[in-house]
Amino acid sequence: MRDDAAWMDAALALAARGLGRVWPNPAVGCVIVAKGRVVGRGVTADGGRPHAETVALAQAGDEARGATAYVTLEPCAHHGQTPPCAEALITAGIARVVIAQQDPDPRVDGGGIARLRAAGIAVTLGVREAAAGGHHAGFLSRIRRGRPMLTLKLAATLDGRIATASGESRWITGPVARAHVHAQRACHDAVLVGAGTVLADDPRLDVRGMGTLPQPVRVVLSRRLSLPSDARIFDGTGAPVWLLHGAAPAEAMRAFEGRATLLPCPTGEGGQIELETALRVLGDRGLTRVYCEGGGSLAASLLAAGLVDRLDVYTAGAAIGAEGVPALGAMGLSALADAPRLRLRDVRALGPDVLHRWQAKDPAADAT
């Protein structure tokens, strides 16, 4: 129905507000409609609770009885830290529930729908399912693949350089593009870089210029914890810092105790951290969406390993030349057929710069 799609779009727009703020839970939107008007709306709250349905039902009050609820993901059916949302919808007297997408979490996976139908509530499933799948891509990735969705960001010149030969890189892109990057950080659970980026750029990896928002987790890959103790990520603001490391010296590990969460990871050939395992470690800790701003070496390794779900390339109208630092490090390719292939999803101008958004071919990674 046309009205169903329109109301679900409204629920999806609400849900987008929760991206980067609700992990390990999915960012769900709910709109309750009675007699053609909205009587309740909700989005999963910061930290993952209360759920969107609970917020919308509280706003709707008695007007929820006989109304239709539009929910972007199947209402939960299990008892966690809050009662099941399916039960709350039943108790409130909702007459119909329209759901964009079934929840693949084994604790739900059709159980919420079954509970609603058993209570005599009409359920319509699959309205704007493709859009919801993109929106919930990070949560779906964690459930289905055991790791968060990964967005790789590159900011480069027309000739694919991220710095001059001397290392100068501020600023290749303009203020509009940089503000857009901060917005992307805000809708991801964590920002990921390698130790080389911390050493070279000393980034803060936080969200600035957007008011008071929950800050993303700052994650650094450092095989031997070779990081300066006065790096700006250890700024004491309370934003979490997680260090993914290999067999680091005991002295280095002691130096960061109490200042960061140390997450040991296995190392592979050459002593490098196994990237897929590292992402699974992040998934085990609840992260659903990771924004990688690492240097050329980490970017190339992630692409070569097939771990990039979305690639955001910010291109400036400047050229540095072959002596500049390339956006991607060596990938060890000898045949063009082995090159990673992505599909173009979006192109937009950001002031004088251009953003090209590329998507992995895996539909499970079709993210917003």
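## Terms and model

Helices (H or I, at least four residues) and strands (E, at least two) are DSSP runs, numbered from the N terminus. The model is predicted: local features need pLDDT of at least 70 and side-chain atom pairs count only at pLDDT 80 or more, while totals for chains, interfaces and linings use all residues. Residues are numbered from 1 along each chain as its sequence is written, and side-chain values use heavy atoms, with hydrogens and water left out.

## The largest pocket

Rolling a probe the size of a water molecule over the atoms shows where empty space is left. A pocket is an open set of points on a 1 Å grid over the protein atoms alone, where a 1.4 Å probe fits and protein lies on both sides within 12 Å along at least five of seven lines. The largest pocket has a volume (the space filled by probe spheres set on the points, which are joined across faces, edges and corners) of about 1,400 Å³.

Its lining has 50 residues; a lining residue has an atom within 4 Å of a point. Thr197, Asp201, Glu293, Gly294 and Gly295 are the ones nearest the centre of the pocket. Among the elements that each supply at least two lining residues are strand E6 (149–156), helix H7 (175–186) and helix H11 (296–304). The lining holds 21 nonpolar, 16 polar and 13 charged residues. Here Ala, Val, Leu, Ile, Met, Phe, Trp, Tyr, Cys and Pro count as nonpolar, Asp, Glu, Lys and Arg as charged, and the others, Gly among them, as polar.

## A buried Asp

Asp353 belongs to strand E16 (residues 353–359). Asp353 is buried (under 20% relative accessible area, with a 1.4 Å probe and protein chains only). It has no salt bridge, that is, no side-chain nitrogen of Lys or Arg within 4 Å of a carboxyl oxygen of Asp or Glu. The nearest side chain of opposite charge (Lys and Arg count as positive, Asp and Glu as negative; His and the chain ends are not counted) is Arg178, 6.7 Å away. A polar atom of the Asp353 side chain lies 2.7 Å from the backbone nitrogen of Gly174.

## Backbone features in loops

Two peptide bonds are cis: Trp23 to Pro24, with omega near 10°, and Arg170 to Trp171, with omega near -5°. Pro24 sits in the loop between helix H1 (2–16) and strand E1 (29–34), and Trp171 in the loop between E7 and H7.

Asp109 is not a glycine, yet its phi is positive, about 35°. Asp109 lies in the loop between strand E4 (96–99) and helix H4 (111–118).

Key:
Buried means under 20% relative accessible area, exposed over 50%, partly exposed in between (1.4 Å probe, protein chains only). A polar contact is a pair of N or O atoms within 3.5 Å; within protein, one must be able to donate a hydrogen and the other to accept it, and residues adjacent in sequence count only if both atoms are side-chain atoms.
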